[in-house]
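Visitor: I'd like to learn how to read a fold feature by feature. Could you walk me through one?

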Amino acid sequence: MTSPVEAETMMAIAVEGGKGPASALKPVQVPIPRPGDGQILIQVKAAGVNRPDLLQRMGGYPPPPGAPDTMGLEVAGVVARAAGRWKVGDRVCALLGGGGYAEYAVVDARHALPIPDGMSFEEAAGLPETVFTVFANVFEHGALKAGETLMIHGATSGIGVTAIQMGKAAGAKVIATGRGADKAAAALALGADVAVDVTTQDFAEVAKAEGGVDVVLDMVGGDYVPKNLDALKTGGRIVFIAALGGGQLNIPVFAIMMKRAVITGSTLRPRSADEKARLAGEVERIVWPWIAAGRIKVQVDKVFPLAQAADTHAHLEAGAHVGKVIMVTGD
């Protein structure tokens, strides 16, 4: 990889035809982006791959106004053009509106965070999207507190792995669900107090036997919703971040009323630059010390070269991964 001073173009990943299957992802040469006021240019060393990327590739999750068409919501690398508190050469990871599947990316300087000491670029690239998402949804919208019980569906996904560790770091009891005994075992190894194989167990019954749950982090939706409510304690909160099992909810209203339940959800990408900056500050203040103390580790499932983005998406879609799938640019 050449420096942005020496070259005008870079490799990035484009979707052939505008949308399509994983095989439509192709490496192309595009101009190196130029940072605007308050933005830094990052020489990308590694990029995280997330389920919203799959939706964007299929035409279902367009980038917000002003964001690059190129996919990629999180990167780790080295500052190549400085702004804000950053200097050239600083090691950073950053939350992006898009553009991470490339050798260089621009981002609001306020949305970058220092890579924790001793952490590789591959590990750091798996932090921003998952940590920001979990913090916003579990701790802000879900208002999880120490001593409460958090139930996490899809617990071996990138989000789930992070949520288990953040829940434990915050002093909560964690019940994790996944499809298959191997995923339940992986969740226990990551620190979950209780793991449920939903192919053989009823997660609502297990949760009730454990005393019920205060917060549910749900990326499934569909027929999980009545069971979530059944498992919920009075005053509990259900937070949606996806709906892999179906986006239309059939909600028993009286169950909500009887339990004084709160049902909410959010997306991260469309939030304003100022809101993302506020969130970055809170994450650095609260979560970064947990990482420094070794209470949160990035579980990297597999690393692919950037040019093999098609294989990366195929691997994520297969669903056998535990933790984060990462792409690296090389030098």
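Visitor: Let's start small: is Phe 135 buried or exposed?

Guide: Keep in mind that this is a predicted model. The cut-off for buried is under 20% relative accessible area, and Phe 135 comes out at 5%, so Phe 135 is buried. Phe 139 has a relative accessible area of 15%, so Phe 139 is buried too.

Visitor: Where do Phe 135 and Phe 139 lie?

Guide: Both sit in helix 3, 4 residues apart, which is about one turn of the helix.

Visitor: And how do I read a ring pair?

Guide: You describe a pair of aromatic rings by the distance of the centres and the angle of the planes. For Phe 135 and Phe 139, that's 5.9 Å centre to centre and 20 degrees between the planes, a stacked pair. Ring pairs also bring in Trp 290, giving a cluster of Phe 135, Phe 139 and Trp 290.

Visitor: Which pair links distant parts of the chain?

Guide: That's Phe 203 in helix 6 (residues 203-209) with Tyr 224 in helix 7, 21 residues apart. Their pair is tilted, with 4.9 Å centre to centre and 45 degrees between the planes. Phe 203 and Tyr 224 are both buried.

Visitor: Back to helix 3. How does helix 3 meet helix 9?

Guide: The axes of helix 3 (residues 128-141) and helix 9 (residues 273-292) come within 10 Å and cross at roughly 90 degrees. So the two helices are roughly perpendicular to each other. Residues making the contact include Phe 135 and Phe 139 of helix 3 and Trp 290 of helix 9. Sort the contact residues by type and you get 12 nonpolar, no polar and 4 charged.

Visitor: Now the sheet. In which order do the strands run?

Guide: Generally, strands of a sheet pair through backbone hydrogen bonds, either parallel or antiparallel. Here 6 strands make an open sheet, ordered 10-9-8-11-12-13, with parallel pairing. Strand 10 (194-197) and strand 13 (262-265) are the edges, each pairing on one side only. On average, neighbouring strands are turned by 15 degrees against each other, direction ignored.

Visitor: What packs on the sheet?

Guide: Helix 4 (residues 158-169) does, touching strand 8, strand 9 (173-178) and strand 11, and its direction makes about 170 degrees with that of strand 8. Helix 7 (residues 224-231) packs there as well, touching strand 8, strand 11 and strand 12 (232-240), at about 145 degrees to the direction of strand 12.

Visitor: How many bridges join strand 8 to strand 11?

Guide: There are 3, between residues 149-152 and residues 213-218. Look for Met 151, which stands opposite Val 216 in strand 11.

Terms used
Residues numbered from 1 in each chain as written. Predicted model: local features only at pLDDT ≥ 70, side-chain atom pairs only at ≥ 80, totals over all residues. Heavy atoms only, no water. Pairing = 2+ DSSP bridges. Axes fitted to C-alpha atoms, helices over the stretch in contact; angles between N-to-C directions. Contact = heavy atoms within 4.5 Å. Parallel < 35°, antiparallel > 145°, perpendicular 65-115°, else oblique. Nonpolar A, V, L, I, M, F, W, Y, C, P; charged D, E, K, R; others polar. Phe/Tyr/Trp six-rings, centres within 6.5 Å; stacked < 30°, edge-to-face > 60°. Buried < 20%, exposed > 50% of the residue type's maximum accessible area, 1.4 Å probe, protein only.
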